Amino acid sequence: MNIVYDLAVIGAGPAGLVAATVAARHALATVLFDDQAAPGGQIYGPPTAGQNVRPETQGGDIRDAALIDAFRQSGATPVFDATVWAARRREDGLYEIGVAYGAPEARSVRITSVRAVIIATGALGRPFPVPGGALPGVLTAADAQVLLKTTFIDRTRRFVLAGTGPLLWRLASQFLDAGIGLEALLDTTSRGRQWRALPAAWDFARAPNFLRGLAEGRAVRRRVQVIANVTGLEARGPGRVEEVQFVAAGGTHVLPADLLVLHQGVVPDINLGSVLGCAHRWNDVRACFEPIVDEWGGSTLPGVFVAGDAAGVAGSDAAEARGQIAALAVANALGRIDARARDVAAVRPRAALRRALRGQAFLDAVQRPADAFRIPRGDTVVCRCEVVTAQDVVDAVRLGASGSNQVKAFVRCGMGPCQGRFCGLTVTELVAQECRMSPDAAGYFRLRWPVKPITLGELASLPSSPEADRAVARGMLS
Amino acid sequence: MTPRESFDVAVIGGGLVGAAVGFGLRSLGPRLVIVDEGDIAHRAARGNFGLIWVQGKGMGLAPYGTWTQRSARDWPRLAGELLRETGIDVALGQPGGIHVCLTAEELAQRVAALEALRAQPGFRRYAVEVFDRAGLASRLPGLGADVAGGTYCPLDGHCNPLKLLRALHAATFRAGGAHRAGHAVTRIVPRGSAFTLETDGGAIGAEKVVLAAGLGNAALAPMVGLDAPVRPNQGQLIVLERVPRFLALPLETIRQTDEGTVLIGDSRQDVGFDESLGPDVLAAMAARALRVFPALEAARVVRAWAALRVMSPDGFPIYEQSATNPGAFVATCHSGVTLAAGHVYAFAPAVAAGGLPESFRPFAARRFAMRDGR
C-alpha cells in the first residue's frame, strides 16, 4: 500500500495509454488511473456521465485495440474506476495523488506517492453560454452521448443540435445511426473565420482527418437540415426548452424543439494541473488556457508532464505521440535512459506529432467560436451550479473585483460541484473584457481539492496524523 | 512619486477589516479610497468561516471579551443597514451557538476554562449554558452517539461572509467611495501630516491612512511609526454540497449556510505563508465532524481550502494610532466577521474624528514590547 511508484499517469485515453506503456517498457514502476471501467479514455472508451466529451471524430477500432493490448502487456499497473480527486507536491519533491477507487457504493480512498506525474486528462466541452441555456432540455454534447448510449430515447421528441466543431457533426451522425431524426443542425461557425483561416487550409487538406470529416459532413447534410452562419441563438421556455430562436440569412427564425444540444468545441481539462500548481497561459487563437509545457510536455513543476489534449487540443494521433514523448522524458529524468537515447527514441514520435498537427492551425482558426458565443451579456446564465448571470459578473467587477477569483468570492460562480468547468473560461473573458485587461491578467479560478467530488466519509477514511489531530482538536478558548 | 489623485482617507486593504472600516467612513463619499491588491493575494476574507462568535473569547485580555460582545450586539444594525443600502441580505442569524465536546474530559476542560475566563477582573459576563449529552441532543437532531455535551452562548451567531464582503463594498461604492484594485501598496511615505502611498498602480495621496492589510500590515506599519507583528496561522475548511436543513444554529466548527451547504472548520497550524492543503488534516477534520453528525458521511465534499489567519503574538487584535504620524492608524485581527460591526460603528468614527478613544488603549501593540521587556 505504501509503495512509491515511479510514475502516475492520469487518464487512459490515447496519450495516457501510450505514456504508461512506454514508461513501463523502460522499467518505470508505472500506475495508470482512469475514471472509467476500461481503458480507452474518452475517445476509445465508453462515454461516461462526466462532463468530458469525446473530442475527436476519428477512432479506428483496430489501432485502439492494439494500443490497449500493448498497454496490458507492458507491466504498468492499471487502476480503473479510479477518480483522482487530489494531487500535491510534497516538500521532499514526491507527489501525492489522492484516488477514490472501486464501485460507487463501496469506494475506497487512498493517497499514492509517486516520483513523476503525466497528466493525460484530455479535454472537456467549452462553455456555451446562450440565453435560456440553463433551461431543462438543453444538453451538452457529453450529456447527449450518455443519452444515446444509456437510455431509451423518446423518438417523438424534436432534437436540435447547435454549435461548431467536428464533434457536433460526429454527434449528428451518431443520432442518425441510432435512427433518431434531427430537426436541424444550426452551424454557428462564423463566416468571417473561414476566410481568416484560409492561409492554413492547405495544411488542413493534407491532414489525415480531413477526408473522414468531409465524408461525415456530407452524410449529415443529406439527411438533416443544416443552417449555416447562425447567430443570436436562444433557447426559450418557459419551464423547459420548447423552441430555439436564432438569426440566419438576415432573418430571425424559431424552431420548435424538445431537446437542444449545444457544443462549440473542446478545451484542455486543466483542473488537475491547476490544483498541483502548474502554470497556465492563455492561447488567444483557441481562446482557452493551456498548461505551459516544454518540447517534452514538461510543465513548470519538476516531474510533472502533460500529454494529449490536456496539453492543447490536437486529437488522438497527436495525443499518442505526446504520450510517448513525455514518457521518454520521464524515463530520462528518473535515470532509466540517458539524454541521447531519449532523443533518438523521440525522433519517430516527433515526426508523427508534426504530421498530426498539420492542419491544426486551420481547425483552430475556424473553430474559435464567435465572441458573442463566448462572452455573453445580461441575464444569460454563466454558472449553472450557482445560477450566476453575465450581468452578475460584470456587476462584481464594477464593485472592485479585479480578477476571476474575486468575482468568485463575490458571486459564487465556480464554487459548485463542477469546480468551474462550466463557467471558468466565460468568467475569465468577461472579466478581461470588463477590466480591459488580458485573459492572463484576469486569471482563472484557483482550483481546490477535491478535483472531483468525494464524500465526507471517504475523506474521513484517510489516515490522519498526530500533528493533524492536534491542529484540529481546538484549543479550549479562542 | 507624485500622487495622481488624493483622498481624505485611504484604507489599505479590501478584506473584511478594510471593507468594514471603509463602510464606516462612507459618508466621506469620493474623499474615501480603498486601496487593494490584485486577484491573487493572501485573502483571509475569502476563507472565512462566517461565525459571529462571543463564547470563550477574551482569556488573558478582558477588554477583548467586551469588544467582541459589543460588536455582536451591533451586528443586527449592520445587517439592516447593508440590506437597506444594497439589497444584499448577509444572512445574519444570532440564535446562539454551541461548542461541542466529544468526550467527558473535553467537556470538563471546557467548563473550567469558561469559568476561569469569566472570573477575570473586569470581564463583562454573559450567559453560558452547559449541556450534557441529552440536552445537546434535543437541540441538535442527528447528534452522534459519543458526543459528551457542549456549551451554549446566546450571543453567538453567523452570517454569509462572502455576502458581507460584497455588501460592504457595494454600499461604500454606492456612497461614492473609490476603490483601487491591483494597487498593492509597496511603501507609505509621510509628507508633512499627510501620506503618499506608492503602489503597483501608481501613487495615491491621503490625509489619513488606515492599515487594514491583514498580514501585509507587518511590513507597512513601521513605515508610519506603528508596529503590527502579525504572522500567518493556517486554517483549513471543508465545504459540503447543499443538504436539507438540519442545523438550526451554528457550532464552533460546523455550520450550515443560508445556501444549504455545510462548512467544516477549522484547523490551526503555524506553517508560515503556506496555503496548501494537507490530506491528513482534512481527514482529521472530516472524522471529527462525522463523530458529531454521522449522517453527513454520504454528503459530497465540493471544496476544501486553506486560508491564512492574521495572528498577533497573543492572538488579540491590534488597534492603534501612530504617535509619530497621527494621521496613520492600524487595525488588524483574525475575526473580521465578528468584529465587523465594531469596526463600522466604533473604529471608523474614531478615525474620522482623528483619534482613538481610551477604550482602544488595551489593543495597542505596545503590549508586545512590554511583554518582550523592550
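**Exercise 1. Overall make-up of chain A**

What percentage of the 478 residues in chain A is buried?

*Solution.* The structure is a predicted model, in which local features need pLDDT of at least 70, side-chain atom pairs count only at pLDDT 80 or more, and totals for chains, interfaces and linings use all residues. Residues are numbered from 1 along each chain as its sequence is written, chains are lettered from A and ligands numbered from 1 in the order in which they are written, and side-chain values use heavy atoms, with hydrogens and water left out.

Step 1. Buried means under 20% relative accessible area, exposed means over 50%, and partly exposed lies in between (1.4 Å probe, protein chains only).

Step 2. By this criterion, 59% of the 478 residues in chain A are buried.

Step 3. Helices (H or I, at least four residues) and strands (E, at least two) are DSSP runs, numbered from the N terminus. Chain A contains 19 helices and 22 strands.

Step 4. A contact means heavy atoms within 4.5 Å. Of the contacts in chain A with a separation of 6 or more, 67% join residues 24 or more positions apart.

**Exercise 2. Burial of a helix**

State how many residues of helix H12 (residues 360-367) of chain A are buried, and name them.

*Solution.* Six of the eight residues of H12(A) are buried, and the helix is mostly covered. The buried residues are Gln360(A), Phe362(A), Leu363(A), Asp364(A), Ala365(A) and Val366(A).

**Exercise 3. Packing of two helices**

Describe how helix H1 (residues 14-25) of chain A packs against helix H10 (residues 315-333) of chain A.

*Solution.* Step 1. Axes are lines fitted to C-alpha atoms, for helices over the stretch in contact, and angles run from 0 to 180 degrees between N-to-C directions. The axes of H1(A) and H10(A) come within 7 Å and cross at roughly 30°.

Step 2. That angle makes H1(A) roughly parallel to H10(A), a class that covers angles under 35 degrees.

Step 3. From H1(A), the contact is made by Pro14(A), Ala15(A), Val18(A), Ala19(A), Val22(A) and Ala23(A). H10(A) contributes residues including Gly323(A), Gln324(A), Ala327(A) and Leu328(A).

Step 4. The contact residues divide into nine nonpolar, three polar and one charged. Here Ala, Val, Leu, Ile, Met, Phe, Trp, Tyr, Cys and Pro count as nonpolar, Asp, Glu, Lys and Arg as charged, and the others, Gly among them, as polar.

**Exercise 4. Cysteines**

Determine how many disulfides are found over all chains, and examine Cys435(A) and Cys333(B).

*Solution.* Step 1. A disulfide is a pair of cysteine sulfur atoms within 2.5 Å. A search of the whole structure finds zero disulfides.

Step 2. The closest cysteine sulfur to that of Cys435(A) belongs to Cys413(A), at 13 Å, too far for a bond. Cys435(A) is partly exposed, at 26% relative accessibility.

Step 3. Cys333(B) is in no disulfide, and the nearest cysteine sulfur, in Cys159(B), is 13 Å away. Cys333(B) is buried, with a relative accessible area of 10%.

**Exercise 5. Backbone exceptions**

Locate the cis peptide bonds before Pro238(A) and Pro450(A), and the positive phi angles of Arg412(A) and Ala91(B).

*Solution.* Step 1. Most residues other than glycine have a negative phi, and most peptide bonds are trans.

Step 2. The bond from Gly237(A) to Pro238(A) is cis, with omega near 25°; Pro238(A) lies in the loop between strand E12 (231-236) and strand E13 (243-248) of chain A.

Step 3. The bond from Trp449(A) to Pro450(A) is cis, with omega near -20°; Pro450(A) lies in the loop between helix H17 (439-442) and strand E22 (454-455) of chain A.

Step 4. Arg412(A), which is not a glycine, has a positive phi of about 75°, and Arg412(A) is buried at 13% relative accessibility.

Step 5. Ala91(B) has a positive phi of about 60° and is found in the loop between helix H2 (62-86) and strand E4 (97-101) of chain B.

Technical notes
Parallel < 35°, antiparallel > 145°, perpendicular 65-115°, else oblique.
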